[in-house]
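Please describe the ligand sites, the empty spaces and the unusual backbone spots of the structure shown here. Keep it brisk.

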Amino acid sequence: MVALFLCFTLIFATVASKTAPRPSTVDISYRHPHIYYHGRWDTSPGTWWAGSGFKLHIKNLHSLALNLGPFTTSPLAAVGVSLNYQDFVNFNVSAGANHIPILGSSFSSQSEANNVIRINVQGWQNNRINLNSITLNADSELLPYVPEELSFQFIGDSLSAGQFLPQGVDQAWPFLVGEHFKAEHRINAQPGAALSDIVSFGNVHGISYQFFRTEDTGFYYTTDHNFTTPWDFSRDRPAATHIIIHIGANDASQGVSNDEFITVYSDFLTRLRTIYPRQPIFVFTPWGWPNADGTIGQYYAGLYQIIVDKRTQGGDKNVFLVDTTGWVTFPDVFPDNQHPNVPGHAKIAGKFEEWLRVWGLKSHLNDLV
Ligand SMILES: *[C@@H]1O[C@H](CO)[C@@H](O)[C@H](O)[C@H]1NC(C)=O
Ligand SMILES: *[C@@H]1O[C@H](CO)[C@@H](O)[C@H](O)[C@H]1NC(C)=O
């Protein structure tokens with residue numbers, strides 16, 4: 001048996017030596033300053049929240065592998081990978097070495113060009129990748145990635161997290177809006193979570209607590225990281241230039257009263273202003289739960305206007321109501337759970353992009369630069 005194994009190994013070695021020599025590679029530590037991290041990363045370093053990831057700018061890239069550590073979701077985490085701003089392609093990765101084989105024929109023709117690789121976790125759960133290092137071909141060069149000036153921060157629940165979508169958050173309206181405007185985008189959206197800091201559909205905290213933590217509420221279901229840590233907002237580079245909030249569905253489901261909701265939302269905005277002193281904040285009204293008979297189940301009707309008016313009356317002129325009434329109808333949702341489907345998310349993204357154009361995003365951008 002041993003002899004047979006040796007023999008087989010020899011044959012394999014002979015065959016292998018006749019093919020092209022194995023290209024030499026270089027390992028880039030997760031500490032390399034040219035890795036541009038976005039979203040929420042703990043110190044391992046590992047991701048939390050759908051949409052967190054990193055970007056690389058690489059000259060002469062031919063091969064790419066991610067070497068992931070033990071805190072990566074087992075058996076796998078779904079990631080989206082985009083090469084040179086093309087569509088995100090879906091990969092499953094696990095602890096250990098993960099070769100990313102997107103660099104096929106379309107790539108080799110541009111092998112002299114500088115390439116931008118963008119990678120993010122797609123799931124609202126099972127979304128932890130623990131980056132140890134990145135393996136590149138040795139004759140590549142890792143260049144600094146220069147982030148965009150425009151930088152969106154989205155805050156929400158399942159309606160923003162891409163729950164039920166095949167590619168998760170990568171197909172959700174916040175992600176699509178960010179891509180449309182070629183912006184940096186961070187998405188903190190937790191399915192089932194209320195804004196109020198209450199237990200809701202498996203979440204031990206609400207968004208008014210969790211947004212300020214590194215971890216999403218999935219922490220509670222892990223055995224290796226069953227705790228949260230404060231998020232250091234100075235790690236968001238560049239700081240968000242626009243804040244978009246769509247929340248309240250789960251507060252309504254949990255019976256949070258109108259008055260309580262106004263209070264918790266107003267307090268949340270006050271706290272956000274300590275991080276984002278002047279940035280425009282966009283408060284979405286609910287588009288509601290579309291029914292097969294054409295009716296829409298609404299919640300907290302009129303309250304979002306009151307919340308925005310309170311800010312305005314208090315002297316904060318940079319909080320805007322986004323009235324999403326009529327944006328989502330029954331064909332735009334999965335019939336069994338009334339969450340937007342893939343075309344539904346694209347439709348919502350289109351509506352909000354148009355809304356931002358009318359609002360004056362372009363001229364606001366010019367002010368930023
Ligand atoms: C990732 O794994 C899931 C679960 O096994 C599977 O359904 C899906 O097709 C896989 N995706 C890819 C791109 O391999
Ligand atoms: C996490 O800790 C809490 C107590 O703080 C416990 O109730 C829960 O079961 C723990 N989760 C796991 C997966 O062990």
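Four residues surround ligand 2: Y220, Y221, T222 and N226. A residue counts as near a molecule if one of its heavy atoms lies within 4 Å of it. By class, this shell has two nonpolar, two polar and no charged residues. Ala, Val, Leu, Ile, Met, Phe, Trp, Tyr, Cys and Pro count as nonpolar, Asp, Glu, Lys and Arg as charged, and the others, Gly among them, as polar.

The model is predicted, so local features need pLDDT of at least 70 and side-chain atom pairs count only at pLDDT 80 or more, while totals for chains, interfaces and linings use all residues. Residues are numbered from 1 along each chain as its sequence is written, chains are lettered from A and ligands numbered from 1 in the order in which they are written, and side-chain values use heavy atoms, with hydrogens and water left out.

**Ligand contacts**

Polar contacts are pairs of N or O atoms within 3.5 Å. Ligand 2 has one with the backbone: a nitrogen atom of ligand 2 is 2.9 Å from a polar backbone atom of Y220. The side chain of N226 takes part too, with a polar atom 2.4 Å from an oxygen atom of ligand 2. On its own, ligand 2 exposes 360 Å², and the protein buries 42% of that. Accessible areas come from the Shrake-Rupley method with a 1.4 Å probe.

Which residues surround ligand 1? They are L76, N90 and N92. An N or O atom in the side chain of N92 lies 2.3 Å from an oxygen atom of ligand 1. Taken alone, ligand 1 has 360 Å² of accessible area, of which the protein covers 31%.

**Pockets and cavity**

Rolling a probe the size of a water molecule over the atoms shows where empty space is left. On a 1 Å grid over the protein atoms alone, a cavity is a set of points where a 1.4 Å probe fits but cannot get out. A pocket is an open set with protein on both sides within 12 Å along at least five of seven lines. Lining residues have an atom within 4 Å of a point. Grid points are joined across faces, edges and corners, and a volume is the space filled by probe spheres set on the points.

| Space | Volume | Lining by class |
|---|---|---|
| Largest pocket | about 360 Å³ | five nonpolar, 13 polar, three charged |
| Second largest pocket | about 310 Å³ | six nonpolar, three polar, eight charged |
| Largest cavity | about 60 Å³ | three nonpolar, three polar, four charged |

The largest pocket has 21 lining residues, with Q125, N126, D216, G218 and Y221 nearest its centre. Why does the largest pocket lie between domain 1 (25-143) and domain 2 (151-365)? Because both domains give residues to its lining. The domain bounds come from an automatic or database domain assignment.

The second largest pocket is lined by 17 residues. Q86, D87, F88, R118 and E179 lie nearest its centre. Helix α4 (residues 173-180) gives the largest share of this lining, three residues. Domain 1 and domain 2 each supply at least three. Helices (H or I, at least four residues) and strands (E, at least two) are DSSP runs, numbered from the N terminus.

How many cavities of 30 Å³ or more does a search of the whole structure find? It finds one. The lining of the largest cavity is H38, K55, F88, R118, I119, N120, F175, E179, E184 and H185. β8 (114-121), α4 and β12 (184-189) each supply at least two of these residues. β8 gives the most, three. Domain 1 and domain 2 each contribute at least three.

**Backbone exceptions**

Most residues other than glycine have a negative phi, and most peptide bonds are trans. The bond joining S44 and P45 is cis, with omega about -10°. P45 sits in the loop between β2 (36-41) and β3 (47-59). The peptide bond from S74 to P75 is cis as well, with omega near 5°. P75 is in the loop between β4 (64-68) and β5 (77-83). F201 has a positive phi, near 45°. Its place is the loop between β12 and α5 (207-210).

Methods
Polar contact = N/O pair within 3.5 Å; in protein donor to acceptor, adjacent residues only side chain to side chain.
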